[in-house]
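Biologist: I'd like to go through this model with you and ask how each label was earned. Shall we begin?

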Amino acid sequence: MAAPKNYRGCGELALLCALLGTLWETGRGQIHYSVPEESDKGSFVGNVFKDLGLESQELAKHGVRIVSRGRTQLFALNRRNGSLVTAGRIDREELCAQSARCLVNINILVEDRGKLFGIEIEVTDINDNNPKFQVENLEVKINEIAAPGTRYPLPEAVDPDVGLNSLQSYQLSPNDHFSLDVQTGDDGTINPELVLERALDREEEATHHLVLIASDGGAPRRSSTVHIQVTVLDTNDNAPVFAQPIYRVTVPENVPPGTRLLTVRASDPDEGANGEVAYKFWKISEKQSPLFQLNENTGEISTAKSLDYEECAFYEMEIQAEDVGALLGRTKVLIFVEDVNDNRPEVIITSLFSPVLENTLPGTVIAFLNVHDRDSRKNGQVVCYISDNLPFQLEKSIDNYYRLVTWKYLDREKISVYNITVMASDLGNPPLSTETYITLSVADTNDNPPTFPRSSYSTYIPENNARGASIFSVTAHDPDSGKNAQVTYSLVEDAFQGVSLSSYVSINSDTGVLYALCSFDYEQIRDLQLLVTARDSGDPPLSSNMSLSLFILDQNDNMPEILYPAVPTDGSSGVELAPRSAEPGYLVTKVVAVDRDSGQNAWLSYRLLKASEPGLFSVGLHTGEVRTARALLDRDALRQSLVVAVQDHGQPPLSATVTLTVVLADSIPDVLADLSNIRNPANSEDSDLTLYLVVAVAAVSCVFLAFVVVLLALRLWRWHTSRLPPASGDRLVGLPASSFVGVDGVQAFLQTYSHEVSLTADSGKSHLIFPQPNYADTLISQESSRKAVRKNEPLCISDDSRFPIEDTPLVPVSCFFLIYFLLQLVLSPGICT
C-alpha cells in the first residue's frame, strides 16, 4: 500500500509545481506602471516594447496595439519609440472616486504572436481639488436655555482627493460663545461639531455669525469656507429622538420609481407646536440626492428614479428631525441595492484577423473577444461558446478575454466565408444571453490546379478550311480565386511530319479557343494529336494537361484519276485490239481509276458516255470493264471510239473521262490492209499524207525483203564454199552452224513480231506499242562462236550499229525502229497536223 501513497504524493507535487508555474507566468505577464493624474497629453508612462522584448521599429510588423473594454482610451503607444504615453488628461477622481488606490488595467495585443499582455497602471493623486461644503451659508437654531457643552453637528466638507491631499482639518472663526470640536468616525471621516461654551441670551444677542474653514494637507494647501448664522430661540425643553440610530434597508435594483423604501420616525415629548417634528436630508451626496425623496412630515423615504446596482450598490445618508424650537435629532440611513439579472452579457470583438489564409495551421488565433456582464456574482458570470460544427474553438485568455482559434485546416473551395455566432450566457436566474456574429473570410492559396471536364477530347474539321477558322474551344476550371484562378492556355510543343504543331494550330491563351493556321488537306494530314496545357497565375503556378484529337474530314475535292489506259504525253490515246470473232461479253479492256478522297467521295462508278457504235460495247458500273455487248459484224467499222466517264459519289460529284479507240481486227495484216479506213476523211490534206506514208511503208518493206533474200543467198554461198577443200592461204575458219540464222529463224522472228505487235487507237491519233522482242536467243551467237569468226570479214554492218558482226543480230534493229516510226505516222495522222 506504500506505492500508491507515493504515487499520490508525486501527483500532488506535480500539480503544485504546475500551479506555481502558472502563477509565475501570470506574474511575469503583468507589467506595472504609475502616472500622476492631470498629466499632459503624451506624457511618458513606461517603455512597453522594452518590457515585452520587442523592437520599436517592429511596431507595425508585430501588430501591437492597446485593447480595452467600455472605456475611453486613456493611453496610447508612441509609434517612434514604442513607449506607453497618456492619450489625454486623466482625472483620478473621475476614474476611482475616493478609492485609496486608482488602478487602470489595459491589455497590449501582439497580433503576430496571438498573445495578450496585461498592464496595470496606477494613477497617483495630486492636490487638484478644494474641500467643498454642500452649502455656502448655514443657519443653526439654538434655544436660549441650552446648557453650555451642548454639541451641534455642522456640515462636512467633501474633498475628492485622497491621502494628505484630502480633508485634514476644520477651523472656526473666534467667538466667545462657541468652539469647534472635531470627531473622527469609524470610517475615518472627520465630523465637525459646534460646542456651546457660554449660555445664550436672546435678549442680549439674538444672532451670532461664525465662519467654518475646511483645509486639506496638500502642497499647496487648499481650503473652503461656510458661513454659519446661529439664531437664538425661545425656550424649548426636548429635542426630537429617532427610534433607531441607524436604519437599514435592502431593495432590489429593479424597483420602479416612487417605491417606498422605509419610514424614519422621531418623537418629541413636548406638547403642542414644540412637539411637531419636520424631517429633511442632512447629509447626502450630490449623486444620491436626485435618486431619493423624503416626506418631511411623515419621514417616508421613497425612490425618485430607478436604481442601478451597477452604478452604485450602497447608499448612505443622514436624516435630521427638527422641532419648532430648533431642537434637532439625527439618524443614519443605509440603503443596500440588491443586484438582479437585468444585464445581458456583452461580447466585444477586440481584434479580428480577416481574411485568414486557407492553409493556416491549426491553433492560429483568428480573433480576440472581450466578454463582460455588468451584473455581479452569478448574474455576472458568463459562459461563452460557439457551434461545434465549425473548424474553430474558443479558448480562455487573460481576464475576461477569449481567443478564437482554428483547430483544423480550412478549405476555401468548400467554404469561403464563415458566419460564426458567438453565444454568451450568464448564470443568473433566469439566465440572459446574447449573440455576436463574426464574418470571417477565407483567403485563397494556390492549392488547386486548373482541371478540364475531361482528360481527352475529339473534334473534327473539314479539309480546305479557311485560315484562322475556329476549331475548338477548351475550358479549364480552377476552384481558386483571384490570380490563382486566372487560367492561361498553351499548346505543348511537338512536331508532326517534321513541322512544329504551332505551324498548324494556335490557341488563344485567354479564351482557350483553337484556330487553324493553315488550310488542311485530308490527303496529306488525316489527324493531329494535340496536348493543351492550362496553367494558373498563382505562385507557384499549377497546371494540368488535356489531349485533343483533331480529325480532318474529307471533302470531295479530288477528281477521279484514271490509271489505265494511261494518257500518252503527246496527247494521243491508246488503241485496244478486239478480234472480230469476239463473242458477246468479250473483255476488251478495263478502265482503272482511283480517287484520292476517301469514303463516299472515293466510291467510283463507270458508264459509257459516248460510243461511235451505240450498243456495241458496255461498261461495268463498278468494275470499269469494257465488254462487247453483241457479236461483231462485218459492217462494223474497224475503228470504234468510246468515251468512258468515271464519277465519284461526293457532293457535288466529280468525274473524269477517257477516250478509248478499239480496233476490230484479228491480226496486224488485217490492220495494215484496212489502214485507209482509219484515216479521217474530213481532212483531205491528212488523207493524202496518210497515202504517202503507206506507200513509203510498202517501199521499205520491199527493200527489207530484198535485203533478207540477199542475206540468205550470201549465207548459202558461204556455206557452200566452206564445204569445198580449203585452198592454200585461205583464212576462212569454220563456223558452227548454230551461229547463223536460216529461213526457219527468219520465219520464227516474223511470226513473233506479228503476234506481239499491239495497236491502240484514239480519236484522230494513234501509235504502235512494240513489246520487248524475244528473238535474242535465236539471233545472237554464243560467245565462243563469236571468237571463232574473223574480225576482218563482217557479215552486215548497220549504220546504227557500233558492234562487230558477231555481236549484231542478222536482222538490223534499226530496221524495226524505222518500221515502228512509219507505223506511228500512219496510225497517228494528227502528229503531222
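Modeller: Gladly. Let's start with a definition: a disulfide is a pair of cysteine sulfur atoms within 2.5 Å. With that cut-off, a search of the whole structure finds one disulfide. Please keep in mind that this is a predicted model.

Biologist: What makes Cys 96 and Cys 102 a disulfide?

Modeller: Their sulfur atoms are 1.9 Å apart. The cut-off is 2.5 Å, so the pair of Cys 96 and Cys 102 qualifies. The link between Cys 96 and Cys 102 is right-handed, with 60° about the S-S bond.

Biologist: Why is Cys 96 called buried?

Modeller: Cys 96 has a relative accessible area of 13%. Buried means under 20%, so the label fits. Its partner Cys 102 has 0% relative accessibility and therefore counts as buried too.

Biologist: And why does Cys 312 count as partly exposed?

Modeller: Cys 312 has 24% relative accessibility. Partly exposed lies between the 20% limit for buried and the 50% limit for exposed, so Cys 312 belongs there.

Biologist: Let me turn to Asn 508. Where does Asn 508 lie, and why is Asn 508 called partly exposed?

Modeller: Asn 508 is in the loop between strand S39 (505-507) and strand S40 (513-516). With 27% relative accessibility, Asn 508 is not under 20% and not over 50%, so partly exposed is the right term.

Biologist: Which residues does Asn 508 touch?

Modeller: Leaving aside residues up to four places away in sequence, Asn 508 touches Tyr 489, Val 513 and Tyr 515. The C-alpha atoms of Asn 508 and Thr 488 are 8.4 Å apart, with these positions 20 residues apart along the chain.

Biologist: How do you know that Asn 508 has a polar contact with Asp 510?

Modeller: A polar atom of the Asn 508 side chain lies 2.9 Å from the backbone nitrogen of Asp 510. The limit for such a pair is 3.5 Å, so the distance passes.

Biologist: Now the strands. What makes S10 and S14 a pair?

Modeller: Three bridges join S10 to strand S14 (residues 190-196). Pairing needs at least two bridges, so these strands pair. They run antiparallel, and Tyr 152 has Leu 194 in S14 as its bridge partner.

Biologist: Which sheet do they belong to, and what makes a strand an edge strand there?

Modeller: The sheet is open, with three strands in the order S10-S14-S13 and antiparallel pairing. Strand S10 (151-153) and strand S13 (178-184) are the edge strands, as each pairs on one side only. On average, neighbouring strands of this sheet are turned by 35° against each other, direction ignored.

Biologist: How do you know that S48 and S49 pair?

Modeller: Three bridges join strand S48 (residues 617-619) to S49. At least two are required, so they count as paired. These strands run antiparallel, and Val 619 has Val 626 as its bridge partner. S48 and S49 form a hairpin with five residues between them, and Gly 624 in the turn has a positive phi of about 80°.

Biologist: What joins S49 to S45, and which residues of S49 are covered?

Modeller: Three bridges join strand S45 (residues 587-590) to S49, again antiparallel, and Lys 590 stands opposite Glu 625. The covered face of S49 (residues 625-628) holds Val 626 and Thr 628, whereas Glu 625 and Arg 627 are on the uncovered face.

Methods. Residues are numbered from 1 along each chain as its sequence is written. This is a predicted model: local features need pLDDT of at least 70, side-chain atom pairs count only at pLDDT 80 or more; totals for chains, interfaces and linings use all residues. Side-chain values use heavy atoms; hydrogens and water are left out. Buried means under 20% relative accessible area, exposed over 50%, partly exposed in between (1.4 Å probe, protein chains only). Helices (H or I, at least four residues) and strands (E, at least two) are DSSP runs, numbered from the N terminus. Contact means heavy atoms within 4.5 Å. A polar contact is a pair of N or O atoms within 3.5 Å; within protein, one must be able to donate a hydrogen and the other to accept it, and residues adjacent in sequence count only if both atoms are side-chain atoms. Axes are lines fitted to C-alpha atoms, for helices over the stretch in contact, and angles run from 0 to 180 degrees between N-to-C directions.
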